[in-house]
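User: I'd like to practise reading strand pairing and helix packing in a model. Could you walk me through it?

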Amino acid sequence: MAGPAFTVEQYRRRQRLWNALESRYVVHLVLFLAVFFIVSPLIWQLVTSFKTQQAVLDLTYLPAEPTLAAYERALIDRGFWRAVVNSVLIASASTVIVMILGTPAGYVFSRFRFPFDNAVFVFVLFTRLFPPIGLVTPYYRIVTTFGLLNTKTGIVIANVYLWLPLVIYIMRNFFITIPQALDEAARVDGCTKVQAFRYVVFPVVLPGFAAGTILTFLYSWREFLFAFTVSTDLNSMTIPVATFLFVGDAGIDWAAMAAAAIVAVIPSALVVIFFQRYIVVGLTGGLKG
Amino acid sequence: MSDTDHPTTNAAASTVDEERVLSLQLDGITKEYTEDDGSTVVAVDDVSLDVYEGEFIVLVGPSGCGKTTTLRIVAGLEQPTYGSLRIDGEDVAGREPRERDIAMVFQNYALYPHKTVRGNIAFPLKIRKYPDDEIEQRVQDTADLLGIGELLDRHPADLSGGQQQRVALGRAIVRDPAVFLFDEPLSNLDAKLRIQMRTELNKLHDRVGRTSVYVTHDQVEAMTLSDRVVVMNNGSVQQVAPPKTVYQRPANRFVAGFIGEPPMNFFPVTTAPEGDRLRVDADGFSLVVPPAVADTVAAWDGDTERLDLGLRPEAFEDAALVERELADGETFSAHVAVVEPMGPNTDLALRPIDRADDEAAEFTARVANETDAAPGETITLAVETKEIHLFDPRTGENLLA
């Protein structure tokens, strides 16, 4: 295009504009707004969980006398501490099963050619492409048929269905970044194929494996739809479901609900804080180097 | 002509010959792949090769010629479609790499990034459950041999390319296998380091003295490292011979064109007897070649009237710099297009005298650096007629090999 060239004056004016936009005040303002939108509901919830029921209804900002009574009502009186235990058990079991199945599957898809290998892989991904809600009704029927309604097993199976394709995909991408010559060197050096995986490939993919594990745990922990479908029973329901059950009450105990929600968030927050390096690796799909 | 023709050396060589033990036998190795569209690609086509104990064999050829696939078949990383393979006399068909008593150095080194240098070198011994003190001793000896004793506790990521290369070598030699396999081990190094490592590989082979099969696309590596060169093209073996023979008597036109830098010049020619000599007429010049060559051509079973003439750039000289008397059939004139001084000698891009504007007719001559040749001028060339090559234009076979 033969448009008129910028004059030096125009160029400088634009340059000043960009410099102003890029200044740290502007950058910090944008960051502040972003963080505010993300964090303020959490803060509001945290603050609410320390209030008395009266303070909530009075629409106060900060609790006049902070109290842990709401936590006691949610966890002890209603027995939702059991939902926390359920959540830990379900998320852990789901994660172990998904990683045990997904890691070798990802390895196979990254290394071996077999009939219809691409078709099988696309099919695995395809199962995650339509909205899970479409499967809730048939899943409910299946769970009922096998007597798994209101059981932890029923929720674990749902989690495996939901997160296994994702982990196969993530792990396959990690394995692809590891040169095949590494497996081959190990086999020439004296390993069987299984030993090559055990002693060379797996240790190299370990950061990726950690990322997959953490993501699966987080996703299983926060899963709501299938957990709610399978169980609203104290023996097996998860903490996100327990939190939601407050909604059905006549005269909602907002403080207790906020307390339950905070309890639901804490493990995730801890995992994110301590393992953020692996989460970034897992979401961006790259081992270092 | 040279020291190698000395009678005593020959006698010594032949006694060694009788004692030579076969280390590796490839017999009719063929590898076919089925493409996604169902068609079959022949990557390795009926390769047969005997490698003797302690020999350094280099497989060389352009990319896609099947040399790496051949090596991987020897390693057991690929299975041949047909053919048999013996290592130390034993048929190894269907055996895993770990059951073949081989070691391999990979192009990208394939060091284990999560292990230290010590862990890398020790790994082949550890997985085979050698006793700890022997592992310790062998790793130390290997590291000393390669001059990497200082690096044992570092990780591969902290090493330079040359150091990584040495560790990869160490991991291969620590177990003292029957056969070493090298898959383009120097191609990831920069030019200077490559030459240095080449020399070191040569020394290492002299010391370790194990059977080695080395794959490269670099003809200089092939010439300098090998006892015998295997030139491959399109999956099949073109010639198996010591490096000098491959250079001086290439079996066919492909080998002639592939080995040698700058590459050999080819001219379509007609031939006719001239007394006891042979007259060779190309488009733009004529040569008269000695009786020995004429006899060989006369004995050739086939049409010798139309042939392809091959002249290496080194077979030319600036006639002005030749001291001896030059006969008529040994010289011709050419148009100088480009002059490239290389230091010890000068490369000339030349065109036949009557086709000074035809870039397609260009050929290369390597002459002494004292030449006065200048672009746009004419030069009289002297040709070493003993060093000519004549190829059957249909089969590419070298009549004089």
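User: How many bridges join β1(B) to strand β4 of chain B, and do they run parallel or antiparallel?

Analyst: Happy to help, and keep in mind that this is a predicted model. Strand β4 of chain B covers residues 82–87, and five bridges join β1(B) to β4(B) in an antiparallel arrangement. To place the pairing on the sequence, take B:Thr30, whose bridge partner in β4(B) is B:Tyr82.

User: Which sense does the pairing of β1 and β2 of chain B have, and over how many bridges?

Analyst: Strand β1 (residues 22–34) and strand β2 (residues 40–52) of chain B are antiparallel, with nine bridges between them. Here B:Gln25 has B:Asp50 as its bridge partner in β2(B). The two strands form a hairpin with five residues between them, where B:Gly38 has a positive phi near 90 degrees. As for side chains, in a regular strand they alternate between the two faces of the sheet.

User: Now the helices: at what angle do the axes of α2(A) and α13(A) cross?

Analyst: Helix α2 (residues 24–49) and helix α13 (residues 254–274), both of chain A, cross at roughly 125 degrees, and their axes come within 8 Å. Because of that angle, α2(A) is oblique to α13(A). The crossing of these helices is left-handed.

User: Which residues make the contact?

Analyst: From α2(A) come A:Leu42, A:Gln45, A:Leu46, A:Thr48 and A:Ser49. On the α13(A) side, the contact residues include A:Trp254, A:Ala258, A:Ile262 and A:Val265. Sorted by class, the contact of α2(A) with α13(A) has nine nonpolar and three polar residues, with no charged ones.

Terms used
Residues are numbered from 1 along each chain as its sequence is written. Chains are lettered from A and ligands numbered from 1 in the order in which they are written. This is a predicted model: local features need pLDDT of at least 70, side-chain atom pairs count only at pLDDT 80 or more; totals for chains, interfaces and linings use all residues. Side-chain values use heavy atoms; hydrogens and water are left out. Axes are lines fitted to C-alpha atoms, for helices over the stretch in contact, and angles run from 0 to 180 degrees between N-to-C directions. Helices (H or I, at least four residues) and strands (E, at least two) are DSSP runs, numbered from the N terminus. Angles under 35 degrees count as roughly parallel, over 145 as roughly antiparallel, 65 to 115 as roughly perpendicular and the rest as oblique. A crossing is left-handed if the near helix is turned anticlockwise from the far one by less than a right angle, and right-handed if clockwise. Contact means heavy atoms within 4.5 Å. Ala, Val, Leu, Ile, Met, Phe, Trp, Tyr, Cys and Pro count as nonpolar, Asp, Glu, Lys and Arg as charged, and the others, Gly among them, as polar. Two strands pair if DSSP finds at least two bridges between them.
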